[in-house]
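Here is a friendly walk through one protein model, from its overall make-up to a few individual side chains. Have the sequence and the 3D view at hand as you read.

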Amino acid sequence: MDSELEKIFGARSTPSAQEARRLGMVIGGSLSEGLTVKLDPRIAIEGLAVGRYVVIRGYRRRFFGMITDIRLDSANPDLARMPPDPDDPLIREMVAGVGVFGQIHVQPMLVLEEGDPLPRPVKTVPAHFSPVYEATEEEVHAIFRPRVKEREDRYFVIGEPLDMPGVRIPLNLDRFVERSSGVFGKSGTGKTFLARLLLAGVIYHNASVALVFDMHNEYGWSAPGEEGRVKGLKQLPECFSRVVIATLDEDSSRRRDSRYDLVVRIGYDQIEPEDVELLRGVIGLSEVQIGALYMLRRRLGRDWLRILLEEDRAPVEVEEGGEEAPPDPLTELVERDLITSSTLGALQRKLGLFHRFQFLVPQTEEDAARAILSRLLQGQSVVLEFGRYGNDMAAYVLVANYLTRRIHAEYVRRKEAALGDPAREPPHLVIVVEEAHKFLQPGIAEHTVFGTIARELRKYNVTLLIVDQRPSQIDSEVLSQIGTRVLCLLDHEEDVRAALAGISGASRLREVLARLETKQQALLLGHAVPMPVVVRTRSYDASFYEELARGDGPEDLVARYRRAMWGEDED
């Protein structure tokens with residue numbers, strides 16, 4: 001129905017396509033705090049949402065930004081105290097846009113200069129009254145398209161921007177793996193789903209090999225989905241020979257019909273105090289008890305843990321005339337005051353939980369770390385399923401620390417032996433760790449191999465993909481080294497602050513992050529994307545498998561970008 005104003009003053013003329021996209025004009029703001037945009041009267045404020053992209057057209061530059069806040073304002077504060085009759089449409093439309101109006105807050109992210117096809121970081125702001133428009137598909141492509149001289153097959157479509165269906169956002173996989181990355185979100189927001197999707201792109205496009213500590217058996221052969229079970233990484237097209245499934249629990253793997261390739265067993269004689277030290281926060285080891293572990297290793301040798309955990313320590317009775325039984329090594333250490341009986345008893349009690357870990361055996365012929373390392377060096381990714389031990393944090397921390405320490409040490413040795421010769425260097429490795437705060441807590445991270453890897457960036461061809469729901473419990477120095485962050489919904493204020501620490505415009509992005517849906521939405525920012533982007537992530541289902549099978553991925557995306565932006569044909 002025509003409005004009352006149109007009846008009086010006549011119908012409005014049909015706007016051009018560009019004017020139809022116009023949202024309003026810049027009326028204030030700053031580079032650090034963002035820009036304030038007054039909306040045109042014809043714009044329905046209810047149709048806007050935080051996270052949407054806009055373009056501000058300056059005199060010689062186009063500023064690409066994101067809506068981070070929406071608010072109502074009025075020219076006369078008395079209108080708030082004496083509002084007009086809402087039942088009178090004539091009065092309401094006469095006031096709208098003049099007396100009362102909508103405003104949006106825009107955080108400028110990038111700028112496109114005339115004559116320069118590459119977007120640059122924003123270092124200035126547009127002038128007053130610069131027009132603001134909705135971003136078009138071509139403008140989004142201009143920001144996210146692959147750059148010149150970059151490997152086009154290293155791009156993986158992660159999803160679509162909100163309110164822009166059909167526009168595919170590619171992730172630069174080379175930049176994603178060259179620094180440690182993080183997937184953060186509260187429980188139930190699909191962190192594992194997102195991590196598996198990212199790993200699918202990394203493995204499918206040979207951007208890196210991966211070592212996945214699969215806490216809940218959701219990465220390897222299959223995983224529960226909303227409509228039944230979905231394929232794991234090994235079942236994806238082109239990935240069967242590239243993925244090796246190892247298991248700590250054969251019985252669990254057989255029950256789930258998981259086609260495992262390797263059974264992991266760890267001998268007591270292979271475990272060092274450094275492998276156990278990280279359990280301090282899980283089983284409550286004190287500093288004195290940790291120091292005692294190192295003393296036991298020095299005094300008892302490789303069998304220190306087996307001797308410590310032997311259940312029957314009663315002395316053997318010797319017949320008259322027979323040889324005297326050898327002294328008990330632990331009793332001897334207590335008698336020499338090298339360890340107190342209370343400390344020894346506490347260690348035996350706390351480490352006694354190792355008895356229920358069937359993957360721990362007195363001795364084993366095969367070195368589990370070397371068996372996994374050999375697969376990684378051959379270019380295969382390894383998914384280690386924990387089976388029944390996935391809910392036991394002590395087992396998870398022990399095994400992850402044990403394997404990572406040895407594999408990282410071998411990578412360091414091989415990288416240094418290569419002397420800068422890329423042909424001799426080991427393949428790039430991404431280590432995927434869930435519940436990462438157990439390994440990276442403040443005060444602990446600097447002493448663990450995981451903290452070392454995060455600080456080394458890509459120095460030794462090893463980086464982390466950490467998956468966690470409590471980023472606030474991760475050491476701040478480690479968080480500062482995270483290159484790419486994939487943020488699902490977070491509801492704790494401390495977690496939101498930690499997840500956005502060190503990010504330009506973090507205060508405004510908090511509003512965007514707080515309004516994500518609980519499923520299949522994420523805020524991507526950092527090293528692998530040119531600017532923060534809120535995406536509806538692509539589905540991990542039959543359509544995803546089909547796209548991988550026919551190769552309808554980054555290459556097809558790049559071809560469309562070139563045709564749209566540069567007018568080039570498919571060749």
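Helices here are DSSP runs of H or I with at least four residues, numbered from the N terminus. In that numbering, α15 is followed by Gly379, whose phi is positive, near 90 degrees. The model you are looking at is a predicted one.

**Overall make-up**

The protein chain contains 22 helices and 23 strands. Of its 571 residues, 52% are buried. Among the contacts with a separation of 6 or more, 73% are between residues 24 or more positions apart.

**Helix α15 and its surroundings**

Let us stay with α15, which covers residues 368-377. At its N-terminal end, Asp367 acts as a cap, with a side-chain oxygen 3.0 Å from the backbone nitrogen of Ala369. Which residues of α15 are buried? They are Ala368, Ala369, Ala371, Ile372, Leu373 and Leu376. An α-helix has 3.6 residues a turn, so residues three or four places apart point the same way. The buried residues of α15 pack against several elements, including β11 (209-214), β18 (381-385), α16 (393-418) and β19 (429-434).

**The twelve-stranded sheet**

Several of these strands belong to an open sheet of twelve strands with mixed pairing, in the order β9-β8-β23-β22-β21-β10-β20-β19-β11-β18-β14-β15. Its edge strands, each pairing on one side only, are β9 (169-172) and β15 (262-263). At the β9 edge, β8 (residues 155-161) runs antiparallel to β9 and is joined to it by four bridges. Tyr155 sits opposite Asn172 of β9.

Further along the sheet is β19. How many of the residues of β19 are buried? Six of the six are, so β19 is largely enclosed by the rest of the structure. Leu429, Ile431 and Val433 point one way from the strand, while Val430, Val432 and Glu434 point the other way, and all are buried. Glu434 is thus among the buried residues of β19.

On one hand, β19 pairs with β11 in the parallel sense over four bridges, and Leu211 has Ile431 of β19 as its bridge partner. On the other, β19 and β20 also pair in the parallel sense, over six bridges. There, the bridge partner of Glu434 is Val467 in β20.

**Thr463 in β20**

Strand β20 (residues 462-468) is also the place of Thr463. Is Thr463 buried or exposed? With a relative accessible area of 1%, Thr463 falls under the 20% cut-off and is therefore buried. Its side chain reaches the backbone oxygen of Val177 at 2.9 Å. Beyond four places in sequence, Thr463 touches a range of residues, including Val177, Glu178, Arg179 and Ser180, along with Leu429, Val430 and Ile431. Ile453 is another of its contacts.

**Two helix pairs**

Ile453 also takes part in the meeting of α16 and α17. The two helix pairs below can be set side by side.

| Helix pair | Axis distance and angle |
|---|---|
| α11 (residues 287-300) and α14 (residues 341-350) | 10 Å, about 90 degrees |
| α16 and α17 (residues 449-456) | within 9 Å, roughly 45 degrees |

The angle makes α11 roughly perpendicular to α14. Val288, Gln289, Ala292, Leu293 and Leu296 of α11 make this contact with Thr343, Ala346, Leu347 and Lys350 of α14. By class, the contact of α11 with α14 has six nonpolar, two polar and one charged residue.

In the second pair, α16 and α17 are oblique to each other. Here Ala400, Asn401, Thr404, Arg405 and His408 of α16 meet Val449, Phe450, Thr452, Ile453 and Glu456 of α17. The contact of α16 with α17 divides into four nonpolar, four polar and two charged residues.

**Gln103 in β5**

Our last stop is Gln103, which lies in strand β5 (residues 100-113). Gln103 counts as buried, at 7% relative accessibility. Which side chains does the side chain of Gln103 meet in polar contacts? One is the side chain of Arg71, at 2.8 Å, and another is the side chain of Asp73, at 3.4 Å. Arg71 and Asp73 also appear among the residues that Gln103 touches beyond four places in sequence, as do Ile27, Val37, Leu39 and Ile70. Leu39 is 64 residues from Gln103 in sequence, yet their C-alpha atoms are 5.5 Å apart in space.

Key:
Residues numbered from 1 in each chain as written. Predicted model: local features only at pLDDT ≥ 70, side-chain atom pairs only at ≥ 80, totals over all residues. Heavy atoms only, no water. Buried < 20%, exposed > 50% of the residue type's maximum accessible area, 1.4 Å probe, protein only. Contact = heavy atoms within 4.5 Å. Polar contact = N/O pair within 3.5 Å; in protein donor to acceptor, adjacent residues only side chain to side chain. Pairing = 2+ DSSP bridges. Axes fitted to C-alpha atoms, helices over the stretch in contact; angles between N-to-C directions. Parallel < 35°, antiparallel > 145°, perpendicular 65-115°, else oblique. Nonpolar A, V, L, I, M, F, W, Y, C, P; charged D, E, K, R; others polar.
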